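Here are a few short exercises to work through with the model open beside you. Try each task first, then compare your steps with the solution.

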Amino acid sequence: AIRVERDSLGTIKVERGTLIRDVAVSGKIVAANAPQLYSAEAGLVTLLVKPGANVEKGQVVATVESPELQAMIKQQESTLMQLTIDNRRAELADKEAQLNLEREMNAALASLNVAKREYQRADISYQQNIVSEVDWLTKKDELSASELFYQHAQKRVEFASERLSFESQNRQFLVEKQQLILDELVRRQQALKIQAPVTGIVGNWLVTQKEKVTANMAIMTVVDLSEYEAELAVPEFYADELVIGLPVSMKVAGQALTATIAAISPEVKNNQLQVRALITPDDNVSLRQNQRLSGRIEFERKTNVLKLKRGPFVGSNEGAYV
């Protein structure tokens, strides 16, 4: 047995309560939604709103002047006007051609009526033996020829109507096709008025004022102030215990916040694992982009357990301890 002095022993009261296993972390506040705005065309950019200014969703924050696109629009407008004029001219020519064919058909109908009357007279005269059979047959042949001529005239009018209708549809298709080309260019021109996709503040300018930009070049960022996330750095030792949904308690400028882990990086950098936590909205707490924070990620919580204060529990008496 080992004898020790009572005065050299320390006593701690065992308590019943909640045991929390967590880890201290640090990080910064980032906007959950901070889209970058891009130039759809090459041109000269004009930035209308300065960094830090408040903007509303749909507000024009920058414009791009593209002389090349403007020239293309004018060319396509001219082509559309020319096609429209040609279509109108062709419609008038079609009406004139249709009128000529109908006139020929009417003339054939008139000739047919004359041939019918001549045949009727010849038939009556032939029955009364006034004209010879040869004259009667001649009038009968003329009537047959007039009927055939009238039938052909009718078919020509029908075929012409179908052909003219088809050509009119084809010309109209060309006009509509050109209109679609022009509409697309106009849409691209309207996209040169760059609008804020969310309500928030302008983050940073990514180009300088009146700079010549290329297509799909980033212009600026807009920060949505309605939703924030915490970007936390967690030691890789706890990587296996991190799961989505773990609660996080934080302090930002002395103000308490709560959050929930929403995303975990699949890679480790500098022995740290990047974690994103969605902050519970609190109207009483004012947050700013990139604001520093400290917090604790709770891994486990046990209630109604016996616990005592943390200590070394190791004596110096030849390695013995209790």
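**Exercise 1.** Is D94 buried or exposed? Keep in mind that this is a predicted model, then work out the surroundings of D94.

*Solution.*
Step 1: Start with the location. D94 belongs to helix α1, which covers residues 67-127.
Step 2: Check the accessibility. The relative accessible area of D94 is 13%. The cut-off for buried is under 20%, so D94 is buried.
Step 3: List the neighbours. Beyond the residues within four places in sequence, D94 is in contact with L164, E167 and R171.
Step 4: Pick out the polar partner. The side chains of D94 and R171 form a polar contact at 2.9 Å.

**Exercise 2.** In what order do the six strands of the barrel follow one another? Trace the pairings around β1 and β10 as you go.

*Solution.*
Step 1: Go round the barrel. The order is β1-β10-β13-β12-β11-β14, and the strands pair in the antiparallel sense before the barrel closes. On average, neighbouring strands in this sheet are turned by 45° against each other, direction ignored.
Step 2: Take β1 (residues 15-31) and β14 (residues 292-307). These two strands are antiparallel and share 13 bridges. For a landmark, look at V23, whose bridge partner in β14 is I297.
Step 3: Turn to β1 and β10, an antiparallel pair with six bridges. Here G27 has L232 of β10 as its bridge partner.
Step 4: Move on to β10 (residues 228-235) and β13 (residues 272-279). Seven bridges connect this antiparallel pair. One place to look is A233, which is bridged to Q274 in β13.

**Exercise 3.** Which residues does E229 touch, not counting those up to four places away in sequence? Describe the setting of this side chain too.

*Solution.*
Step 1: Place the residue. E229 is part of strand β10.
Step 2: Judge its exposure. The relative accessibility of E229 is 14%, so this residue counts as buried.
Step 3: Collect the contacts. E229 touches K28, I29, V30, A32, R276, A277, L278 and I279.
Step 4: Sort them by strand. Strand β1 spans residues 15-31, and K28, I29 and V30 among the contacts fall in that range. Strand β13 spans residues 272-279, and R276, A277, L278 and I279 fall in that one.
Step 5: Find the polar partner. The side chain of E229 makes a polar contact of 2.8 Å with the side chain of R276.

Conventions
Residues numbered from 1 in each chain as written. Predicted model: local features only at pLDDT ≥ 70, side-chain atom pairs only at ≥ 80, totals over all residues. Heavy atoms only, no water. Helix = DSSP H or I, 4+ residues; strand = E, 2+ residues; numbered from the N terminus. Buried < 20%, exposed > 50% of the residue type's maximum accessible area, 1.4 Å probe, protein only. Polar contact = N/O pair within 3.5 Å; in protein donor to acceptor, adjacent residues only side chain to side chain. Contact = heavy atoms within 4.5 Å. Pairing = 2+ DSSP bridges. Axes fitted to C-alpha atoms, helices over the stretch in contact; angles between N-to-C directions.
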